[in-house]
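Please find below a colleague's note on the structure you sent round. It is set out as numbered points, and each may be checked against the coordinates.

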Amino acid sequence: MRTLARLVTGLVAVPLLLAGCAVPGLSGASSAPAASAPATTAAAGGSTQTKAEACDALSATMSTASDTLNSAVSEMGTDPAKAVAALQDFAGSLEGAIAAVNNPEVKAQGEKAVAAVKALVDALNATIQDPTKAADMAGSLSAFQTEMTAFATLCQG
């Protein structure tokens, strides 16, 4: 279990990445999207979100996800099953939020993030059952962090 706890400490950096995802949406949620939306949405007939609108729509989910992941990390050493449940909740919340996004670029990256968190949950479950699978856990954690970084970069750019 010590190996598992050490691997999961890498999740501590993830809430910071998620918080970064929420920042662009909150920084100008009341006026910036309305000012920038017409140029992009008018070209698409008004049916496609701008990147900023899509990121804004996901900002609340990402903010909540940060809390969920903090909870998962704190539970890892004492209750790995509870940590897995928290990560599964996060995956479900993110998946639901991504389903409502219609910006193709943000949706595609969001779907990659959902797949990465689901793979992380699977790897965590496998590592709980068999600690020799810790290397798979490390790889899944790295992939998850990569996708969340890419998501944050997309929404900040």
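The points below go from the overall fold to the cross-links, and then to individual helices and residues.

1. Status and overall fold. The model under discussion is a predicted one, and the remarks that follow should be read with that in mind. The protein chain contains 7 helices and 0 strands, so that, read along the sequence, its pattern is α-α-α-α-α-α-α.

2. Burial, contacts and surface. Of the 157 residues in the protein chain, 42% are buried. Among the contacts with a separation of 6 or more, 75% are made by residues 24 or more positions apart. The protein chain exposes about 7,400 Å², and carbon and sulfur atoms supply 57% of that area.

3. The disulfide. Which cysteines are paired in this model, C55 among them? A search of the whole structure finds 1 disulfide, formed by C55 and C155, whose sulfur atoms are 1.9 Å apart. The pair links distant parts of the chain, with C55 in helix α4 (residues 51-76) and C155 in helix α7 (residues 134-156), 100 residues apart. The torsion about the S-S bond of C55 and C155 is about -80°, and the disulfide is therefore left-handed. Both C55 and C155 are buried.

4. The salt bridge. A search of the whole structure also finds 1 salt bridge, in which the side chains of K118 and E95 meet at 2.9 Å, N to O. K118 belongs to helix α6 (residues 104-129) and E95 to helix α5 (residues 80-99), so the pair ties together parts that are 23 residues apart in sequence. Are the two partners buried or exposed, or something in between? K118 counts as partly exposed because its relative accessibility is 35%, and E95, at 38%, likewise counts as partly exposed; buried would require a value under 20% and exposed one over 50%.

5. Surroundings of K118. Leaving aside neighbours within four places in sequence, K118 is in contact with A91 and E95, and the first of these, A91, is one of the buried residues of α5. The C-alpha atoms of K118 and F144 are separated by 9.0 Å, although the two residues are 26 apart along the chain. F144 is itself among the buried residues of α7.

6. Helix α5. The 20 residues of α5 should span 28 Å at 1.5 Å a residue, and the end C-alpha atoms are 28 Å apart, which agrees. The buried residues of this helix are P80, A83, V84, A86, L87, F90, A91, L94, A97 and I98. Seen down the axis of α5, these buried residues fall within an arc of 160°, so they line one face of the helix. A81, D89 and A99, on the other side of α5, are exposed. As general background, an α-helix has 3.6 residues a turn, so residues three or four places apart point the same way.

7. Helix α7. The same check on length can be made here: the 23 residues of α7 should span 33 Å at 1.5 Å a residue, and the end C-alpha atoms are 33 Å apart, which agrees. Buried in α7 are A134, M137, S140, L141, F144, M148, F151, A152, L154 and C155, with C155 being one of the two disulfide partners.

8. Residues of α7 and their partners. Which residues does S140 touch, beyond those up to four places away in sequence? S140, which lies in helix α7, touches A119, L120 and A123, and S140 counts as buried because its relative accessibility is 14%. E147, also found in helix α7, touches Q109, K112, A113 and A116, again not counting residues up to four places away in sequence. The C-alpha atoms of E147 and Q109 are 7.5 Å apart in space, while the two residues are 38 apart in sequence.

9. A108 in helix α6. A108 has its place in helix α6 and is partly exposed, with a relative accessible area of 35%. The C-alpha atoms of A108 and F151 are separated by 9.7 Å, with their positions 43 residues apart along the chain. F151, for its part, is among the residues buried in α7.

Conventions
Residues numbered from 1 in each chain as written. Predicted model: local features only at pLDDT ≥ 70, side-chain atom pairs only at ≥ 80, totals over all residues. Heavy atoms only, no water. Salt bridge = Lys/Arg side-chain N within 4 Å of Asp/Glu carboxyl O. Helix = DSSP H or I, 4+ residues; strand = E, 2+ residues; numbered from the N terminus. Buried < 20%, exposed > 50% of the residue type's maximum accessible area, 1.4 Å probe, protein only. Disulfide = S-S within 2.5 Å. Contact = heavy atoms within 4.5 Å. Areas by Shrake-Rupley, 256 points an atom, 1.4 Å probe, with all protein chains shown as cover. Expected span 1.5 Å × (residues − 1). Arc of directions from axis to C-beta.
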